[in-house]
Amino acid sequence: MAAGSGMEWLRSVKGVILDMCGVLYDSGEGGGHAIRGSVEAVRRLMDSGLTVRFCTNETQNTRVRFVQKLCVMGFSISVGHVFSPAPALIHILRERHLRPHLLVHDDLIPEFDGVDMSSPNCVVIGDAADNFSYQKLNEAFRVLIGLEKPLLFSLGQGRYYKETDGLKLDVGVFMKALEYACDVQAEVVGKPSAEFFQTVLSDMKLQPHEVVMIGDDLLNDVGGAQRCGMKGLQVRTGKYRPSDEQHPSVRADAYVDDLAAAVNAILTDHPPIRTRHQ
């Protein structure tokens with residue numbers, strides 16, 4: 001493990017937030033596969049007494065189907081402990097009386113059951129994968145440009161992610177296209193949004209300085225967590241690139257080879273747990 005400062009902060013950790021794709025598993029054909037050692041690492045964390053939550057920008061499945069996919073890989077994870085952008089966005093839509101035009105993955109559509117989508121007054125973009133055709137992007141553009149006050153929501157803003165057959169463009173690339181075309185700034189729901197992270201912290205009933213975020217994305221996982229007052233630990237799996245460790249403005253509090261190594265460091269340096277896992 002390499003770090004920019006001492007690792008004494010590990011001793012005060014009471015909770016851990018885990019990114020999922022690129023940390024627990026690599027997505028791809030057939031649902032993807034667990035990263036070596038990650039299933040056992042998650043089990044050890046859950047048994048340790050630390051408060052553990054899962055924070056993902058996954059928008060190619062409903063939260064329930066996503067957790068079912070992880071269970072097939074061998075993980076034992078509760079749906080209630082997984083925080084993803086779509087449920088958070090639906091709360092916003094209802095609170096603000098908004099009717100979305102959706103540019104999202106087909107498998108995410110059931111998440112929006114019961115949401116009024118007649119006469120859209122905003123556009124929602126997620127990781128639509130093959131739905132990112134010129135026709136569908138142009139449909140979203142026309143809805144957005146036709147609004148008196150264009151309103152664009154993006155489910156995350158990642159640049160790319162890793163699947164088993166290589167790197168793939170993420171939603172942030174297409175978000176930027178619509179922002180540029182319509183001269184609008186998207187409201188990002190999901191990482192690295194401070195509001196999204198705060199929702200997770202509130203559920204954990206912990207303060208930011210008591211929690212470490214473990215992710216493969218330097219900007220959205222590590223940087224987003226650090227801006228909220230948490231520590232950020234980057235794994236060298238998933239979308240990690242060696243150049244991340246030389247980034248000019250964001251530096252992880254520690255770098256480790258994989259989740260198993262991260263859990264070893266946390267549990268080795270952590271004092272005996274006094275509270276039961278929540």
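Helices and strands here are DSSP runs, numbered from the N terminus. I opened the notebook with that, since the loops below are named by the elements around them. The model is predicted.

**Entry 1: backbone oddities**

I looked for residues other than glycine with positive phi. Asp183 came up, with phi near 50 degrees. I placed Asp183 in the loop between α5 (171-182) and β11. Is Asp183 buried or exposed? Its relative accessibility is 72%, so I logged Asp183 as exposed.

Lys205 was another hit. Its phi is positive, about 60 degrees, and it is not a glycine. Lys205 sits in the loop between α6 and β12. I noted 68% relative accessibility for Lys205, which therefore counts as exposed. The cut-off for exposed is over 50%.

Next I checked omega. The peptide bond joining Lys191 and Pro192 is cis, with omega about 10 degrees. I found Pro192 in the loop between β11 (187-189) and α6 (194-204).

**Entry 2: domains**

I pulled the domain split. Domain 1 is 11-84 + 191-269, and domain 2 is 86-188. Their centres, taken over C-alpha atoms, are 24 Å apart. To the contact, domain 1 brings 24 residues and domain 2 brings 23 residues.

**Entry 3: cores**

I asked which residues have the most contacts inside the largest nonpolar core. They are Val16, Leu18, Met20, Leu24, Phe54, Ile214 and Leu259. That core has 36 residues. I then listed the elements giving it two or more residues. The strands are β1 (15-18), β4 (51-55), β12 (211-215), β13 (231-235) and β14 (254-256). The helices are α1 (38-48), α2 (63-73) and α8 (259-269). The largest share, five residues, comes from α8.

I also logged a second, separate core of 17 residues. Leu137, Leu144, Cys182 and Ala186 are among its members.

I picked Leu24 for a contact list, leaving aside neighbours within four places in sequence. Its partners include Leu18, Phe54 and Leu259, which also appear among the core residues with the most contacts. Leu24 further touches Asp19, Ala34, Ile35, Ser38, Val42, Phe75 and Ile77.

**Entry 4: largest pocket**

I turned to open space. The largest pocket has a volume of about 490 Å³. I counted 35 lining residues. Nearest its centre lie Cys21, Asn57, Glu58, Asp127 and Tyr161. Three elements give two or more residues to this lining: α2, β9 (160-163) and α7. The most comes from β9, with four residues. By class, I have seven nonpolar, 15 polar and 13 charged residues.

Why does the largest pocket lie between the domains? Both domain 1 and domain 2 give residues to its lining, so I placed it between them.

**Entry 5: second largest pocket**

The second largest pocket holds about 400 Å³ of space. Its lining has 20 residues. I noted Arg159, Tyr160, Asp217, Leu219 and Asn220 as nearest the centre. Both α5 and α7 supply at least two residues each. The classes are seven nonpolar, six polar and seven charged. Domain 1 and domain 2 both contribute to the lining of the second largest pocket, so it lies between them.

**Entry 6: Leu219**

I followed Leu219 from that pocket. Leu219 belongs to helix α7 (residues 218-227). Its relative accessibility is 28%, so I logged it as partly exposed. Leaving aside neighbours within four places in sequence, I found Leu219 in contact with Arg159, Pro192, Gly224, Arg227, His247 and Val250. Of these, Arg159 also lies nearest the centre of the second largest pocket, together with Leu219 and others. Pro192 is the proline of the cis bond with Lys191. I took one C-alpha distance as well. Leu219 and Asp244 are 25 residues apart along the chain, with their C-alpha atoms separated by 9.2 Å.

**Entry 7: cavity**

How many cavities of 30 Å³ or more does the structure hold? I found one. Its volume is about 30 Å³. The lining is Glu58, Asn61, Thr62, Arg63, Ser84, Ala86, Pro87, Leu108 and Glu111. I sorted these into three nonpolar, three polar and three charged residues. Glu58 is also among the residues nearest the centre of the largest pocket. Both domains give residues to the cavity lining, so I placed the cavity between them.

Conventions:
Residues numbered from 1 in each chain as written. Predicted model: local features only at pLDDT ≥ 70, side-chain atom pairs only at ≥ 80, totals over all residues. Heavy atoms only, no water. Core = buried A, V, L, I, M, F, W, Y, C linked by side-chain atoms within 4.5 Å. Buried < 20%, exposed > 50% of the residue type's maximum accessible area, 1.4 Å probe, protein only. Contact = heavy atoms within 4.5 Å. 1 Å grid on protein atoms, 1.4 Å probe; cavity = no way out; pocket = protein on both sides within 12 Å on 5 of 7 lines; lining within 4 Å. Points joined across faces, edges and corners; volume = space filled by probe spheres on them. Nonpolar A, V, L, I, M, F, W, Y, C, P; charged D, E, K, R; others polar. Domains from an automatic or database assignment.
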